[in-house]
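Subject: The structure I promised you

Hi,

Here is the structure we talked about. Have a look at it first, then read on for what turned up.

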Amino acid sequence: MVAILEKHSLRDFDWLTTVLAVAIACFGVWQIYNAVPTASIWSKQIIGLSIAIFAFLVVAFTDYRRIIEAAPIFYGFGLLLLFLVLTPLGVEVNGQKAWLWLPVVGQFQPSEFAKIPTVLMLAKYFGDRKPVPLRLKELLIGGAILAGPVGLIMLEPDAGQAITYFPLLIAILFLSAVKVRYIVATLLAAAILIPTSYYVGVQSGVIKQYQRQRIEAIINPEAVDPRGFGYHTIQSMITVGKGGLAGIQGDTETSQSVLKFLPEPQTDFIFAVTAEHTGFIGCVSLLLAYALLLSRLIAGAREANDRAGMLVIMSIAAGLAFQIFMNIGMTLGILPVIGVPLPLMSAGLSAMLATFIAIGFVVSIKMRRFVN
């Protein structure tokens, strides 16, 4: 399965994308240290980064076409892991049974890894079809591929993680010449169904009080309960504002996260910690690094020598861009706090490893752009 260290592959290896991903991850470790200067946390992230880089290299030097051919097997395995989360092997954390414990492997979050086989399965299906406008049947099959992992994740329940799967399909549909009338029909249906579902959910009790307050906290966090569900949003905005232009200065100013005002500073709110310690300059620099990384991915899609490879790259790029947008939106108080990690920055080995594997696929596709 693995074709390793071909001469042309080494010559075409995408060093810039690799350096960018590793640099952002190293910057993330520094911010995790600023958020929680506890050795057990940041040292664990360093070990996780080392494992992730190794996995990235294995994937990058593997012929992606053979992996896409085996996509149904990987997709089935991903669904199995998500199903096992719902069994006694699943581990509940903060009210969500989103983690799985396996002997030898330990504890991990399958919903992070299941994104990759979902992308491969979608790319295999839509990559094999002729480049003509999609028919309704093909749209439904694409939706069914996505519904498998999303449905299982919603049973955990982890709505935040489930939402991050939708851009994977949307990017592929957009590139597969979906008809305008399908787009218009989808937008109209969403405009009607979302508010209707919310109203019915609130009235029937399906949407819990805490879920309702998370949404209302976006509009007016102080009115919801500044010490309850609005607390995360308020503290995050205070932390971001405290950074100013260049961040807090040494020991003369005390960090919001070190004082434990900011919840989960090393994971969901790592961007707020970055804003506090590096200020506006550091945040803009980080956003530029993300923009450059995404532009490299998209450039790789243009160079891919087959349709499936192009779809894999664009789906991964869309997924990463959506997560960056959601996480920073949460931090700035313009989107609900739904637990979406900031790619390559937030503490967490599952997300780090899955992201590097995804970028490894991009590099593998770019390395073989001249291979028949």
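Below is a short tour, from the whole chain down to a few single residues.

Keep in mind that this is a predicted model. The chain has 372 residues, and 50% of them are buried. Its secondary structure adds up to 17 helices and 3 strands. If you take the contacts with a separation of 6 or more, 71% of them link residues 24 or more positions apart.

Now for a pair of helices. People describe two packed helices by the angle between their axes and the distance between the axes. Try it on helix H2 (residues 15–35) and helix H15 (residues 270–303): the angle is about 165° and the axes lie 10 Å apart. Angles over 145 degrees count as roughly antiparallel, so that is what H2 and H15 are to each other. Their crossing is left-handed. On the H2 side, the residues making the contact include Leu 16, Leu 20, Ile 24, Phe 27 and Trp 30. From H15, among others, come Ile 270, Val 273, His 277, Leu 286, Tyr 290 and Arg 296. Sorted by type, the residues of this contact are 16 nonpolar, 6 polar and 1 charged.

Next, the inside. In soluble globular proteins, nonpolar side chains tend to be buried together. In this model the largest nonpolar core holds 97 residues. Which residues have the most contacts inside it? They are Val 312, Leu 342, Phe 356 and Phe 361. Click on Phe 361 to see its surroundings: leaving out residues up to four places away in sequence, it touches Val 59, Tyr 64, Ile 67, Ile 116, Leu 120, Val 312 and Ile 316. Val 312, then, is both one of the four best-connected core residues and a partner of Phe 361.

Two more residues to find on your screen:

- Ser 111 sits in helix H6 (residues 110–113). Is Ser 111 buried or exposed? Its relative accessible area is 0%, and buried means under 20%, so Ser 111 is buried. Beyond its neighbours within four places in sequence, Ser 111 is in contact with Leu 82, Ile 153, Gln 161 and Tyr 165.
- Gly 230 belongs to the loop between helix H13 (221–224) and helix H14 (231–242). Although it is in a loop, Gly 230 is buried too, with a relative accessible area of 0%. Gly 230 and Gly 333 are 103 residues apart in sequence, and their C-alpha atoms are 9.7 Å apart in space.

Cheers

Key. Residues are numbered from 1 along each chain as its sequence is written. This is a predicted model: local features need pLDDT of at least 70, side-chain atom pairs count only at pLDDT 80 or more; totals for chains, interfaces and linings use all residues. Side-chain values use heavy atoms; hydrogens and water are left out. Axes are lines fitted to C-alpha atoms, for helices over the stretch in contact, and angles run from 0 to 180 degrees between N-to-C directions. Helices (H or I, at least four residues) and strands (E, at least two) are DSSP runs, numbered from the N terminus. Angles under 35 degrees count as roughly parallel, over 145 as roughly antiparallel, 65 to 115 as roughly perpendicular and the rest as oblique. A crossing is left-handed if the near helix is turned anticlockwise from the far one by less than a right angle, and right-handed if clockwise. Contact means heavy atoms within 4.5 Å. Ala, Val, Leu, Ile, Met, Phe, Trp, Tyr, Cys and Pro count as nonpolar, Asp, Glu, Lys and Arg as charged, and the others, Gly among them, as polar. A nonpolar core is a set of buried Ala, Val, Leu, Ile, Met, Phe, Trp, Tyr and Cys residues joined through side-chain atoms within 4.5 Å. Buried means under 20% relative accessible area, exposed over 50%, partly exposed in between (1.4 Å probe, protein chains only).
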